[in-house]
Amino acid sequence: MAHDARYDVLFEGVKIGPVTTKNRFYQVPHCNGMGHRYPRAIAASRAVKAEGGWSVISTEECEIHPSSDVSPYIEARLWDEGDMERLALSVDAIHQHDALAAVELAHNGHHSLNRYSRLPTMGVSDMMVGSYDPQQAYAMSKKDIADVRQMHVDAAIRARDIGFDIIYCYAGHDLTLGQHFISRRHNKRTDEYGGSLENRVRFFREIIDATKSAVGDRCAIAVRFAVDELLGEDGIVSSDEGKDIVHMLAELPDLWDVNVADWANDSLTARFGEEGSQEKYTAFVKGATTKPVVGVGRFTSPDAMVSQIRRGILDLIGAARPSIADPFLPNKIEQGQLDDIRECIGCNICVSSDMLVQPLRCTQNPTTAEEYRRGWHPEKISSKHADEHIFIVGAGPAGLEAAMSLGRRGYDVTISEALSQAGGRALIESSLPGLSTWKRVVDYRLGQIEKLPNVNLYLESTLDADQAIEFSQELGVEHIVTATGSSWRSDGIGRTHFTAIKVADDAEIHTPEDVWSNSAQFENVKGGVVIYDDDLYYLGSVLAERLVELGTKVTVITPAPQVAQWTENTLEQQHIERRLFSLGVEILPSHTIREIKQQSLTLNRNNQDGEFSLEAEKVILVTSRNPENQLYHQLATQEARLRQANIPKVTRIGDCLAPSTIASAVYEGHRFAQEYEIKPDPHRIPFKREVIQIND
Ligand code: ADP
Ligand code: SF4
């Protein structure tokens, strides 16, 4: 199918210095948790994106020297010739699909803890390192400055020799020396590299100049610059120094890649920013330079992309997350398959992978980072091995993904759902404040299932074990899968409480389900509601927002030292805290519940003595979940009956096995479909490993 002519503009090439893109889809640098440690895995991931139509594929930040060692985070590395071979795997994979390869060279200055190299940390000034470690950076001498410039040049030459087409000079995310020198907050120097804006920009200008002289004849030189740090006068402001800097350096690079800092502001989750939310900061850049401009905004809609170009905001549509959720986004737009786009939901599970030093994960795309080790592909899946019929109970994220993927493989699939709509927790939670994009998890899968004649979905059909067996027998099913999800515990057991919290008979306690199944009972609650969050992810804070909407005063109590502690990993914690404060929600960190009474509870601070009480009419416990596995156990214990009915296999997947994130449920649904015929073997590692070779 051809695309609508109004999207033609997205498929025009753009000249960037000595190279030209084949279209306007540009995968900007993004962390991936694979970097220098899993070079084949990241190369295979990039190959899939190049195959999917991205005209430029960039690496994540690439350490240029052991004095910029950001271990344990796994980024790219070009410390010396020894690193070239690993990155060459990526470059070759990208070139095989006719895309351009970009590398984001970086020296992280005071953000380099040098945990592996143990070199002293250099910084623009004498200052604390960019973490909570008890360690300082020393102010770089003129010799250090010259050395770092040479490190950039050496790394750029290595990058060119590997075959990179675009080489970055990076001053963004508050992470690299380029930005640290520019920043008044960090730069306290009194020499020609400090003081006036001209002086503070000098270091970065010299890096760009030197890189250009070294490799600019063959490679395009890109500048990644954070035009606004969203810190007011403490930081770079786009209407002030941000603008001045772009004007000062306007024609120096071949490409401007612009965004906002820090990473938590750049990679805003859908809860805190809409598609295209950076436009208000970056829109001026096109007017300041004749060079092409790329920017990001979690773009998944081709109309929004075209609008960016038509209105002269961007020349190239930058994407990190949308390219992870759907590596084939450009091709799908080109071929007019808009219904098939797997839109990023803006949840930042991908970001959490880098933060937790693990290969990339994505809620929408379970195949990400599995291209090499498991041989998965986001658009292709092997055909069935036999004619079998699979019956899946529960149409949440796990059930829907399994049904869709098994269906694509050609298996007959029947899926039953108790409720009147499919989607499970993804659907239910999408009605909560800030989570409407969660519904994309459901919409994409239902849309695909509709196109598969061999997959049938039955709504409003709650089945017990007898009915499930009877129904399966009628259909000729070989395998029953329970994907029946989980429900929140009402006894408070979780990470902190290993036994039930003491609750008085006349106390009013609730689970999160009560908020969505009967929200009226939380309207204008006179005595206030306490949300006890021992789950530490997003739900406690989202429920607090919902209750404020209902006119109720809320206190969030958590045993963690800060509210929604785990969302540090999705870069949301500070945003959540700010929002709750602005809504008048009380936050009580480092507290556990001792007893819930009628209209009040008693608390412990940090599990120590010092009990005190707090008034609350209702308490909502967000602690942990019970797998809804009764159906599975009823089935699994009826071996004789199953044998009689010719149903040899029963499996449970997703939250009904082990409650976790929506991303995990989707992944487990997908893995089940991919490995349908493979008999689990505890003695076999179920994926290819990348093991360091010892050769000397
Ligand atoms: P997961 O994330 O593992 O997919 P969810 O809780 O999101 O789990 O989804 C489970 C789905 O299964 C829900 O939509 C729920 O209504 C449905 N379900 C649970 N028990 C049954 C049952 N016995 N029969 C049919 N559907 C069920
Ligand atoms: Fe988008 Fe979430 Fe996937 Fe990241 S994990 S790419 S935010 S859907």
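## Two ligand sites, a helix pair and unusual backbone geometry

Around ligand 2 there are 13 residues, and those that come closest are Cys 344, Cys 347, Asn 348, Cys 350 and Cys 362. The model described here is a predicted one. Two helices, α11 (321-325) and α13 (349-355), each contribute at least two residues to the shell around ligand 2, and the largest share, 3 residues, is that of α11. Sorted by class, this shell around ligand 2 is made up of 8 nonpolar, 3 polar and 2 charged residues.

Ligand 1 has 22 residues around it, of which Ala 398, Glu 417, Ala 418, Arg 425 and Asp 655 come nearest. The shell around ligand 1 divides by class into 9 nonpolar, 10 polar and 3 charged residues. Polar backbone atoms of the protein also approach ligand 1, and the table sets out three such pairs, each with its distance.

| Residue (backbone atom) | Atom of ligand 1 | Distance |
|---|---|---|
| Pro 397 (N or O) | oxygen | 3.1 Å |
| Ala 418 (polar) | nitrogen | 3.1 Å |
| Ala 483 (polar) | oxygen | 3.5 Å |

When ligand 1 is taken alone it exposes 580 Å², and 88% of that area is buried by the protein. The elements that provide two or more residues of the shell around ligand 1 are α14 (397-408) and α15 (424-429). Ala 418 thus appears twice in this description, both among the residues that come nearest to ligand 1 and as the owner of a polar backbone atom 3.1 Å from a nitrogen atom of that ligand.

A further feature is the packing of two helices. Helix α3, which covers residues 142-162, packs against helix α5, residues 197-215, at an angle of about 35°, and their axes are 9 Å apart. The crossing of α3 past α5 is right-handed. On the α3 side, the contact is made by Ile 145, Val 148, Arg 149, His 152, Val 153, Ala 156, Ile 157 and Arg 160, while α5 brings Phe 203, Glu 206, Ile 207, Ala 210, Thr 211, Ala 214 and Val 215. By class, the contact between α3 and α5 comprises 10 nonpolar, 2 polar and 3 charged residues, the charged residues being Arg 149 and Arg 160 of α3 and Glu 206 of α5.

The backbone also has some points that deserve a look in the structure. The peptide bond from Ser 71 to Pro 72 is cis, with omega near 10°, and Pro 72 belongs to the loop between β4 (56-63) and β5 (76-77). A cis peptide bond likewise runs from Ala 261 to Asp 262, where omega is near -5°, and Asp 262 is placed in the loop between β12 (255-260) and α7 (263-266). Asp 98, although it is not a glycine, has a positive phi of about 70°, and this residue sits in the loop between α2 (84-96) and β6 (100-106).

Key: Residues are numbered from 1 along each chain as its sequence is written. Chains are lettered from A and ligands numbered from 1 in the order in which they are written. This is a predicted model: local features need pLDDT of at least 70, side-chain atom pairs count only at pLDDT 80 or more; totals for chains, interfaces and linings use all residues. Side-chain values use heavy atoms; hydrogens and water are left out. Axes are lines fitted to C-alpha atoms, for helices over the stretch in contact, and angles run from 0 to 180 degrees between N-to-C directions. Helices (H or I, at least four residues) and strands (E, at least two) are DSSP runs, numbered from the N terminus. A crossing is left-handed if the near helix is turned anticlockwise from the far one by less than a right angle, and right-handed if clockwise. Contact means heavy atoms within 4.5 Å. A residue is near a molecule or strand if one of its heavy atoms lies within 4 Å of it. A polar contact is a pair of N or O atoms within 3.5 Å; within protein, one must be able to donate a hydrogen and the other to accept it, and residues adjacent in sequence count only if both atoms are side-chain atoms. Accessible areas come from the Shrake-Rupley method with a 1.4 Å probe; for residues, only the protein chains shown count as cover.
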